[in-house]
Structure formats: structure tokens, C-alpha cells
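Me: I would like a close look at a single part of this model, set against the rest of the chain. Please take your time and connect the details as you go.

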Amino acid sequence: MKVQCSQCQEIVEIPDGYAGKHVKCQKCGQSFIASHKYIYEDSSAGFWAFRTMLTTKLIIIIFPVWCIITGLVAIGWIVKMASGPYDVQSKLLKIAIAIFVWLLNVCAFRVVCEGVIVIYRIHDTLEEIRKK
Ligand SMILES: [Zn+2]
């Protein structure tokens, strides 16, 4: 039977009949009770739970990368406009627009990321309700 360590969330294989008993995690060495709550099943719910974790982690990595890339593009724009043949007023206006577009872009991407996480969370919750 497979249980999830309550400390490090690692899935560990333990002999059947250990449910409710103290078991030691093979990874972090912490002992925890193999309670029913931590029993991990190789079902689609487990797969989706894993996907949720992976997706959340990916988004945590992708989001700042996206901010930096689009930020660099915006800076590139600003530099190009600042050196362009425009008067100071239209330069400032164009720079303001560039910053605004970048902020809008970051906010939109943030909303998309949050949306994806929420969708996976809803899926997880529905799986849990279905199992009860
Ligand atoms: Zn552990």
C-alpha cells in the first residue's frame, strides 16, 4: 500500500496492514501515522493531484520568466522610442503607453495563471467529492 508522508509529501510504499500505525518515511526519516487521509491511490485522482502540483510549480517558474521577457521587450521599445525622431511630449506618451501595455500584459498573464490553478483545484475538489 502506498501512503503519502505528512512531512515531505513523498509517496512511500509500506506493507499492507500498517494503516493507522506509525511508519517511518524512507525519504526524510520522519515518522508519521499512516492515516487514511494519507493513503495514496494510483487512480486518476492521484494523477490529477500530481498534475496540479506540477502545473502550480510550472506557473511559479513561468510567471516571473514571462514578466522578465516582456519587461525586456518593453525596455527595448522604450529605448527605441527615446532615441526616435519624436518631440519630448510624444516620447513620454509612448513610454507611458509601453509601460501600461507591459503592466496589462503581466496582469492578463497573472489572471490566466490563477485561472489554470483554480481549474485544477476545482477538478481536485470534484474528485474528492466524487470519492466520498
Ligand atoms: Zn517524508
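How many C-beta neighbours does A98 have inside 10 Å, and does A98 count as buried, exposed or partly exposed?

Reply: This is a predicted model, and what follows should be read with that in mind. A98 has 19 C-beta neighbours inside 10 Å and therefore counts as partly exposed; since a residue is called buried only if 20 or more other C-beta atoms lie within that distance, A98 does not meet the cut-off.

The residue has its place in helix α2, which covers residues 88-131. Leaving aside residues up to four places away in sequence, A98 touches A74, W77, I78 and M81. In the same part of the chain one can also look at G71, which is 27 residues from A98 along the sequence, with 9.7 Å between the two C-alpha atoms.

The helix itself can be checked for its length. Its 44 residues, at 1.5 Å a residue, should span 64 Å, and because the C-alpha atoms at its ends are 65 Å apart, the expected and the computed values agree. As for its surroundings, α2 is hardly covered, for the count of buried residues among its 44 residues is zero. Another residue of this helix is E114, which counts as exposed because it has 12 C-beta neighbours inside 10 Å. E114 and I59 are 55 residues apart along the chain, yet their C-alpha atoms are separated by 8.8 Å.

Turning to the chain around the helix, there are two helices and five strands, and they follow the pattern β-β-β-β-β-α-α when read along the sequence. Of the 132 residues in the chain, buried residues make up 3%. Among contacts with a separation of 6 or more, 46% are accounted for by residues 24 or more positions apart.

Two loop residues from the strand part complete the picture. Q9 lies in the loop between β1 (2-4) and β2 (11-13), and it counts as partly exposed because it has 13 C-beta neighbours inside 10 Å. Its backbone deserves a second look, as Q9 has a positive phi of about 65° although it is not a glycine. Most residues other than glycine have a negative phi. K21, in turn, lies in the loop between β2 and β3, and with 11 C-beta neighbours inside 10 Å it counts as exposed. K21 and F32 are 11 residues apart in sequence, and the distance between their C-alpha atoms is 8.1 Å.

Finally, a word on confidence. The chain averages a pLDDT of 81, and 86% of the residues score at least 70. Confidence is highest in strand β3 (residues 22-24), at a mean of 87, and lowest in strand β5 (residues 39-40), at a mean of 54.

Definitions and conventions:
Residues numbered from 1 in each chain as written. Predicted model: local features only at pLDDT ≥ 70, side-chain atom pairs only at ≥ 80, totals over all residues. Helix = DSSP H or I, 4+ residues; strand = E, 2+ residues; numbered from the N terminus. Contact = placed C-beta atoms within 7 Å. Expected span 1.5 Å × (residues − 1). pLDDT = per-residue confidence, 0-100.
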